[in-house]
Amino acid sequence: MRLTAVFLFALPLVAGAAEPLAIDIDLALQKAFLLQDGKVVYESPISSGRPGHLTPTGDFQVLEKDDNHLSSLYGRIVDENGKVVVRDADADMSVPKGAKFVQAPMKHFLRFDGATGMHSGYLPGYPASHGCVRMPDVKAELFFSIAEIGTPVRVHGVPPATTPKEKPKAAATPVPTPTPAPKKWWQVFQRTAER
């Protein structure tokens, strides 16, 4: 009888331990939320797709997890010395002789639609990706470690219509006024006497 009572009390704890997880991506707020049973447990700033490469909206699910994913579409072109020739390159761009296309790293990649997913990346403060959802490395690793294949992903909202801040134009360097030749002590007194 005593064992039955213990078993009955333990049953709800075991059933409550597997509460559903979900990821909510709000493009308007440029934030991603990890939800457990509908409640936010973690949030992260993001950088979603820029104009012409918008992040798709809708209801998806995590299709693939790849901790060290490399983009097959985007990257950079570097010369034989490793110097970047084209910073924002597509895989189908022509590559100069001696140079090579280097795939963009997408650590902690959670694919949720076609080639689109969430991953570590640069966040400039506005939508700037080719459609993926970039996150700070620590947050991307956190979401990656908790989410599983099949975790629901909801993407909604309209991204802000912001553009990169323009770099201030360098002011023209002023031309220094030539320093007059030094005066002798008697010239200083002579000028004062003339006034």
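A contact, in what follows, is a pair of residues with heavy atoms within 4.5 Å of each other. By that criterion, residues 24 or more positions apart account for 62% of the contacts in the chain that have a separation of 6 or more. The model is a predicted one, and its chain of 195 residues has 29% of them buried. About 13,500 Å² of the chain is exposed, and 60% of that area is supplied by carbon and sulfur atoms.

The chain contains three helices and ten strands, and along the sequence these elements follow the pattern α-β-β-β-β-β-β-β-β-β-α-β-α. The strands discussed here belong to two open sheets, taken in turn below.

One open sheet is built from five strands in the order S3-S2-S1-S10-S4, and its pairing is mixed. Its edges are strand S3 (39-45) and strand S4 (58-61), each of which has a single partner strand, so one side of each is left without a neighbour in the sheet. From one strand to the next, the twist averages 20°. Within this sheet, strand S1 (residues 21-26) and strand S10 (residues 152-156) pair in the parallel sense over four bridges, and Asp-24 has Arg-154 of S10 as its bridge partner. Helix H2 (residues 137-146) packs on the sheet, where it touches S1, strand S2 (31-36) and S3, and its direction makes about 140° with that of S3.

The other open sheet also has mixed pairing, with five strands in the order S6-S5-S7-S8-S9. Here strand S6 (84-90) and S9 stand at the edges with a single partner strand each, so one side of each is left without a neighbour in the sheet. Neighbouring strands of this sheet are turned against each other by 45° on average, with direction ignored. Strand S5 (residues 64-78) and strand S7 (residues 100-113) run antiparallel and are joined by ten bridges, with Leu-70 finding its bridge partner in Pro-105 of S7. S7 in turn pairs with S8 in the antiparallel sense over three bridges, one of the pairs being Asp-113 with Thr-116 of S8. Two residues lie between the strands of the S7 and S8 hairpin, in which Gly-114 takes a positive phi near 55°. The pairing of S8 with S9 is parallel, over three bridges, and S8 is mostly covered, five of its five residues being buried.

Helix H2 is again involved, for H2 lies across S5, S7, strand S8 (116-120) and S9, running at about 50° to S7. H2 thus appears in the description of both sheets, because its contacts include S1, S2 and S3 as well as S5, S7, S8 and S9.

What lies in the interior? The largest nonpolar core has 19 residues, and those with the most contacts inside it are Ile-23, Ile-25, Leu-110, Phe-112, Met-118, Phe-143 and Val-153. S1, S2, S7, S9, H2 and S10 are the elements that give two or more residues to this core, and the largest share, three residues, comes from H2. Val-153 can serve as an example: leaving aside neighbours within four places in sequence, Val-153 is in contact with Ile-23, Ile-25, Gly-58, Asp-59, Phe-60, Gln-61, Val-62 and Phe-112.

Two residues with polar side chains deserve a separate look. His-108 is found in strand S7 and is buried, with a relative accessible area of 5%. The side chain of His-108 makes a polar contact, at 3.3 Å, with the side chain of Asp-137. Beyond its neighbours within four places in sequence, His-108 is in contact with residues including Asp-66, Asp-67, Met-118, His-119, Ala-140 and Phe-144.

Arg-134 lies in strand S9 (residues 133-135), where His-119 stands opposite it. With a relative accessible area of 16%, Arg-134 counts as buried, because the term applies under 20%. A polar atom of the Arg-134 side chain lies 3.0 Å from the backbone oxygen of Tyr-122. Not counting residues up to four places away in sequence, Arg-134 touches Pro-45, Ile-46, Ser-47, His-119, Gly-121, Tyr-122, Leu-123, Pro-124, Ala-128 and Ser-129.

Key
Residues numbered from 1 in each chain as written. Predicted model: local features only at pLDDT ≥ 70, side-chain atom pairs only at ≥ 80, totals over all residues. Heavy atoms only, no water. Pairing = 2+ DSSP bridges. Axes fitted to C-alpha atoms, helices over the stretch in contact; angles between N-to-C directions. Buried < 20%, exposed > 50% of the residue type's maximum accessible area, 1.4 Å probe, protein only. Polar contact = N/O pair within 3.5 Å; in protein donor to acceptor, adjacent residues only side chain to side chain. Areas by Shrake-Rupley, 256 points an atom, 1.4 Å probe, with all protein chains shown as cover. Core = buried A, V, L, I, M, F, W, Y, C linked by side-chain atoms within 4.5 Å.
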